[in-house]
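Visitor: I am new to this structure and would like a close look at how its helices pack against one another. Could you take me through that slowly, one contact after another?

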Amino acid sequence: MKKMLCETFPLAILAGICISIGCVVNLRVGGVAGAVLFAFGLTTVVYYGLKLYTGTAGFIRKHGDWSMLCVVLLGNIVGCLMSAWMIGYAQPDCIEPAANILAGRLTKGPWACFLLAIGCGFIMTTAVEFARKGKMLPLILGVPVFILCGFAHSIADAFYFLVSPSDQLLKLPVLGVYLSEVLGNFVGCNLYRWTLIFTPKEQS
């Protein structure tokens with residue numbers, strides 16, 4: 001566990017910071033352009049081999065991976081928290097659009113956010129799978145696709161939520177919505193693999 005914290009946790013923090021950069025440009029630019037430019041965050045994560053929850057959840061193979069996934073999620077949130085503190089101070093114009101995103105998630109509620117997170121998880125694992133094979137176009141396209149679809153990315157939302165005003169962030173329903181997104185991302189990330197388990201193999 002100590003080795004995991006020393007090796008994985010810093011990479012997870014940096015991944016959270018990279019995703020936060022994508023969030024900032026999306027908040028400031030918005031629309032299709034903001035969604036496309038957000039892809040810089042994920043491509044940076046993949047290029048440097050950083051640890052991102054939605055890039056890890058679909059590749060859990062061993063028993064020990066579960067503790068690693070928790071470390072990754074925590075590190076991602078810490079990276080988002082550090083970025084949120086900085087951006088909230090240096091770019092206060094990001095606070096209002098971030099708060100609007102949080103308000104929208106709260107209006108939808110945990111169940112809707114869970115379903116929206118499944119779509120995002122599926123797209124992210126597919127994009128990372130392609131990227132591991134040297135095909136970057138699905139990675140670049142996958143990000144604007146999930147944003148423009150309105151799907152929920154738990155790490156991006158960690159940044160949006162943490163940038164929002166504290167009186168809005170500290171509402172009890174926020175935790176329920178966020179946990180539903182984390183779970184929904186996990187389901188989406190594993191959707192293809194679970195489908196294969198129940199798909200009969202062709203007889204040779």
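Guide: In this predicted model, helix 2, which covers residues 31–48, and helix 6, which covers residues 137–149, have axes that come within 8 Å and cross at roughly 130°. That angle makes helix 2 oblique to helix 6, and the crossing of the two is right-handed. On the side of helix 2, the contact is made by Gly 31, Val 32, Ala 35, Val 36, Phe 38, Ala 39, Leu 42, Thr 43 and Val 46, while helix 6 brings Leu 139, Ile 140, Val 143, Pro 144, Phe 146, Ile 147 and Leu 148. Sorted by class, the residues of this contact between helix 2 and helix 6 are 14 nonpolar and two polar, with no charged residue among them.

Next comes helix 9, which takes part in two further contacts. Helix 9 runs over residues 172–197, and its 26 residues reach 37 Å from the first C-alpha to the last, close to the 38 Å expected at 1.5 Å a residue. There is nevertheless a kink of about 55° in helix 9, and this kink is centred on Leu 191.

One partner of helix 9 is helix 4, residues 65–90, and these two pack at an angle of about 130° with their axes 14 Å apart. Helix 4 and helix 9 are therefore oblique to each other, and their crossing is right-handed. Trp 66, Leu 69, Leu 73 and Ile 77 of helix 4 make this contact with Tyr 178, Val 182 and Phe 186 of helix 9. By class, the contact of helix 4 with helix 9 holds seven nonpolar residues, and neither polar nor charged ones.

Another partner is helix 7, residues 154–163, which packs with helix 9 at an angle of about 160°, the axes being 9 Å apart. Since angles over 145 degrees count as roughly antiparallel, helix 7 is roughly antiparallel to helix 9. Here Ser 154, Ile 155, Asp 157, Ala 158 and Phe 161 in helix 7 meet Val 174, Val 177, Tyr 178, Glu 181, Val 182 and Asn 185 in helix 9. The classes in the contact of helix 7 with helix 9 are seven nonpolar, two polar and two charged residues. Tyr 178 and Val 182 of helix 9 thus appear in the contact with helix 7 and also in the contact with helix 4.

Helix 5 adds a last point, about shape within a single helix. Helix 5, residues 95–132, has 38 residues, yet its end C-alpha atoms are only 35 Å apart, short of the 56 Å that a straight helix would reach at 1.5 Å a residue. Helix 5 bends by about 110° at Gly 109, and a proline, Pro 110, follows within four residues. After helix 5 comes Gly 134, whose phi is positive, near 80°.

Conventions:
Residues numbered from 1 in each chain as written. Predicted model: local features only at pLDDT ≥ 70, side-chain atom pairs only at ≥ 80, totals over all residues. Heavy atoms only, no water. Expected span 1.5 Å × (residues − 1). Bend = angle between axes of the 7 residues up to and from the residue. Axes fitted to C-alpha atoms, helices over the stretch in contact; angles between N-to-C directions. Parallel < 35°, antiparallel > 145°, perpendicular 65-115°, else oblique. Left-handed = near helix turned anticlockwise from the far one by under 90°. Contact = heavy atoms within 4.5 Å. Nonpolar A, V, L, I, M, F, W, Y, C, P; charged D, E, K, R; others polar.
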